[in-house]
Amino acid sequence: MDTRDRILTAAMRLFHEQGFSATGVSTILREAGVNSGSLYHCFPNKEAVLRGVLERYTELLGPVVLEPREREQDDPIERVFDLLAWYRRGMEQTHCRLGCPIGNLALEVSDAYPEVRTLIDNNFRGWASGIRGWLDEAGDRLSPETDLDALASFVLTVMEGGLMQARAAGSLEPFDRSVAVLRSHFQLITRQDDKQPEAKA
C-alpha cells in the first residue's frame, strides 16, 4: 500500500474501534507507520482524513459488502437476509461491540462536522440503492403496491437500528428480533403461487 492507503486503512480501523474524536493524529501515525510530514502531505488535517475514510467506504461498498452476497446467493430477496446475517456475524465476533462504522460516525460527527454529512448520507444512499437493485431483480415476486425505495430504506433502518440496540443490550437478541419482523414483512408482500398443491390419490 502507498502512504495514503496506509493512513486510510489505519484510520478506518481506529475510527471504528474508538471513534473519531478519541483517535489522535499521533495514533494514526503510529498505526500507519508513517511520519507527520507524510500524513500532512496527503491530508491537511484530521478532518480531511475523515473525509478520505468516508470516501473509501463508498468505494468499498460494492466489492466488500454487496458483491460477495450476489456471488453467494442467486435469490435477490435472500441476498437481503444474507447481508443482514453478514453484519450479524461481525457483531457476534466482536461480542456486540463496534457496530456499523458508518452508523457510528453518523451519530458522532454529523452535527460537529456538517460538511461531512453529505459523505455519510452518500454511503447510506449507496447501501440502500444496492438493496433496491436486488428488489428490482425480484420483479413481480413482490406485490405491485410495494414502494421499493421505501422498502430498501426500511431494510437499512432495520440493520442500523438492530445493530445499535444490540450494542446497547450487549446481546444479538434485538437484532435478531428486528430481522425476524423484516422477514415476516417480506412474506406478507411476496406474491404467493396461485397454484394449489395437487391432492394425493
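Read from one end of the sequence to the other, the chain follows the pattern α-α-α-α-α-α-α-α-α. In this predicted model, the chain has nine helices and zero strands. The C-alpha trace spans about 80 × 30 × 30 Å along its principal axes. Of the 201 residues in the chain, 43% are buried. Long-range contacts are well represented in the fold: among contacts between residues at least 6 apart in sequence, 67% join residues at least 24 apart.

A convenient place to begin is the interior. The largest nonpolar core holds 61 residues, and those with the most contacts inside it are Phe-15, Trp-127, Ile-131 and Phe-186. At least two residues of this core come from each of H1, H2, H4, H5, helix H6 (101-109), helix H7 (117-138), H8 and helix H9 (173-189). Such grouping fits a general tendency: in soluble globular proteins, nonpolar side chains tend to be buried together. Ile-131 gives a local view of the core, as this residue touches Val-80, Leu-83, Ala-152 and Val-155, with residues up to four places away in sequence not counted. Of these partners, Val-80 and Val-155 reappear where H5 meets H8.

That helix pair deserves a closer look. The axes of helix H5 (residues 76-93) and helix H8 (residues 148-169) come within 11 Å and cross at roughly 20°. An angle under 35 degrees counts as roughly parallel, and H5 and H8 are therefore roughly parallel to each other. Their crossing is right-handed. On the H5 side, the contact involves Val-80, Leu-84, Tyr-87 and Met-91, and these meet Val-155, Met-159, Leu-163, Ala-166 and Arg-167 in H8. By class, the contact of H5 with H8 comprises eight nonpolar residues, no polar residues and one charged residue.

The pairing of H6 with H7 offers a useful counterpart. H6 and H7 pack at an angle of about 150°, with their axes 10 Å apart. Angles over 145 degrees count as roughly antiparallel, so H6 and H7 are roughly antiparallel to each other. The crossing of H6 and H7 is left-handed. H6 contributes Ile-102, Gly-103, Leu-105, Ala-106 and Val-109 to the contact, while H7 contributes Ile-120, Asn-123 and Phe-124. The residues of this contact divide into six nonpolar, two polar and no charged.

Attention now turns to the N-terminal part of the chain. In helix H2 (residues 25-32), the buried residues are Thr-27, Ile-28, Leu-29 and Ala-32. Their cover includes helix H1 (3-18), helix H3 (36-42) and helix H4 (46-72). H2 is followed by Gly-33, whose phi is positive, near 70°.

Thr-3 lies in helix H1. With a relative accessibility of 27%, Thr-3 counts as partly exposed. Leaving aside neighbours within four places in sequence, Thr-3 is in contact with Val-34, Ser-38 and Cys-42. Thr-3 and Tyr-40 are 37 residues apart in sequence, and their C-alpha atoms are 11 Å apart in space.

H1 also provides partners for a residue of H4. Arg-56 is placed in helix H4, and this arginine is buried, with a relative accessible area of 14%. When residues up to four places away in sequence are not counted, Arg-56 touches Arg-4, Asp-5, Leu-8 and Met-12. By their numbering, these four partners fall within helix H1 (3-18).

Finally, the backbone of one loop is worth a look. Most residues other than glycine have a negative phi. In the loop between H5 and H6, Cys-96 and Leu-98 depart from this pattern. Cys-96 has a positive phi of about 65° although it is not a glycine, and phi of Leu-98 is near 75°, again a positive value in a residue other than glycine. Are these two residues buried or exposed? Cys-96 counts as buried, at 9% relative accessibility. Leu-98 also counts as buried, because its relative accessibility is 14%.

Key. Residues are numbered from 1 along each chain as its sequence is written. Side-chain values use heavy atoms; hydrogens and water are left out. Buried means under 20% relative accessible area, exposed over 50%, partly exposed in between (1.4 Å probe, protein chains only). Contact means heavy atoms within 4.5 Å. Axes are lines fitted to C-alpha atoms, for helices over the stretch in contact, and angles run from 0 to 180 degrees between N-to-C directions. Angles under 35 degrees count as roughly parallel, over 145 as roughly antiparallel, 65 to 115 as roughly perpendicular and the rest as oblique. A crossing is left-handed if the near helix is turned anticlockwise from the far one by less than a right angle, and right-handed if clockwise. Ala, Val, Leu, Ile, Met, Phe, Trp, Tyr, Cys and Pro count as nonpolar, Asp, Glu, Lys and Arg as charged, and the others, Gly among them, as polar. A nonpolar core is a set of buried Ala, Val, Leu, Ile, Met, Phe, Trp, Tyr and Cys residues joined through side-chain atoms within 4.5 Å.
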